[in-house]
Amino acid sequence: MPWLAAIARAGVAAERVESITPSATYPVHATLMTGLAPDMHGIHSNRRIGEQGVRDELHRHASLLRAVPLWQRVVQEGGAVVALDWPGTLGADVPVLVPDAAPGSGAQDAWNMVAARDGTPELAGIIRAAADAVRPGRARDELVSRIACAAFAADPAPRLVLLRLRGAEPSLVGSGPRSAAAASAFGRVDAHLADLLACTAEVPGGVAVIASGDVAYEPTHTMLRPNRVLSEAGLLEANTAWQALVRSNGGSAFVYASEERAAIDARRALGRAAQETGAFRVIGAEEMIARGADPDAWFGLVADAGFVFVDDVEGPLEAPARMLGSGGGLERGHRPTAGLVFWGRGVRSGVRVPVFSLLDAGPTAAALLDLSLEPAKGRPRLGLLRRGVRSE
C-alpha cells in the first residue's frame, strides 16, 4: 500500500493500536465516533441477541448508540457531513448518507431498499444502478469513492467525510490475511485512497486525513461451537429458547445467562470444554469490566491463535474453519493490531507513536475540528497536532 505508507511517513503513524473489547466492526466504529468503550456507547458486538438466540441483525441503526457521535457534533455546529458505508449510520441525521447494506439471500433487494428508503434520495438512482456493488469488494469501494469525490468538489466542501473502504474484507476472510489475494485486495484499496487524495487536492486550505483499520485479522484453521456445549448441558435449545448463550466476536466471545444458576452451570461446562480442547480460555467478569466490555455478559471466552468462535448450536465443538481469517480477538502482547495514520492539515509531520489507544482517535479527530467529544473516555492527543490550525 504505497500511498498509505507515504502519508504514514509524512504524518503521524501508530506502531501499535490498543483496541477495545471486542475488536469487532460495529463496536470499533462506534468507539471511533465517540471516544468511549462499548460498555458506555452501547454497541457491544456486531450482532444483536433475541429471545431465540443470536440474531442475524447487525447493530446498524444510529439510534442504538448511547452517546453523541462526532458526526452529530459536526451537524449541530452547522457543518456538512458525508457518511458512506460507515457502520452504525442507518437512520442518522446526515445530509449525504449511504448506510452500510446488510445483504443476505436477497442481496440486491436489500441494497435497493437501503438506496431507496435509508440513504440520501439524490443518490438512490446511482446506488440502484450499481448492482455489482451489493457486496463488499472493488465495486463497492469504487462507488463510495466516486460519491466522496463528488462531495469534495462541492462548494463549500463538507466538514466531515466518513468513508469505509472494505474491499479487502472478502479476501481476508476467504483466503486469509497473509494470502496473495489479500495483498492484491489491499493494493486496490490503496489505489482508491490515491484517488481520494487526488480529489481532495483542490479543497481550499487542504484536508486532514485519518486512515484507521477496524479489525486486525489473524489466520484461522479451526472453528469452535461453544453453544453446542451449552446445548448438551441443557442450557440452550437451538432457535427456541436459552438459559445461557454464547455470542461470538470471532476470536473472542461473550456468555449471557438468564440467572445466576445458569451462569454458574455455563461456566462449569465451558471451563471443562476449554480444558479438553486446549483451544480457548475463560475470562472472568472482573477482566470484562476492566476492558469496558458488555456489562450484561457474565463472563467471556478467548480463543487461542488459529481458532475462531461461531454461534452455531449444531455440529461438533471443533471443526475446520469456514473462514481462513478472523478478527475480534483480544489484542494484547504479540497479537496483531489494526493500523492508524493521521496526515494533512493540522497534523504534525514525521511523528511515530509507539502505542496509541483507539479511545483517543475520536477525541483527536474532534480536536482537529475544534470540537469536543466530552464525556469521552479517550483524550485528544494534542502532541500529534499543530497548534492553532483548524481543519476541514
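This passage describes a four-stranded sheet with the helix that packs on it, and then one residue of another helix. The structure is a predicted model, in which local features need pLDDT of at least 70 and side-chain atom pairs count only at pLDDT 80 or more, while totals for chains, interfaces and linings use all residues. Residues are numbered from 1 along each chain as its sequence is written, and side-chain values use heavy atoms, with hydrogens and water left out.

Strands of a sheet pair through backbone hydrogen bonds, either parallel or antiparallel. Here, an open sheet of 4 strands follows the order β13-β14-β16-β15 with antiparallel pairing, where strands (E, at least two residues) and helices (H or I, at least four) are DSSP runs numbered from the N terminus, and two strands pair if DSSP finds at least two bridges between them. β13 (244-248) and β15 (280-283) are the edge strands, each pairing on one side only. Between β15 and the antiparallel strand β16 (residues 299-303) there are 4 bridges, and Val282 stands opposite Leu301 in β16.

Helix α11 (residues 260-277) packs on this sheet and touches β13, β14 (252-257), β15 and β16, contact meaning heavy atoms within 4.5 Å. The direction of α11 makes about 150 degrees with that of β15, with axes fitted to C-alpha atoms, for helices over the stretch in contact, and angles running from 0 to 180 degrees between N-to-C directions.

Thr200 lies in helix α9 (residues 180-200) and counts as buried because its relative accessibility is 9%, the cut-off for buried being under 20% relative accessible area with a 1.4 Å probe and protein chains only. Leaving aside neighbours within four places in sequence, Thr200 is in contact with Phe152 and Val207.

Notes
Buried < 20%, exposed > 50% of the residue type's maximum accessible area, 1.4 Å probe, protein only.
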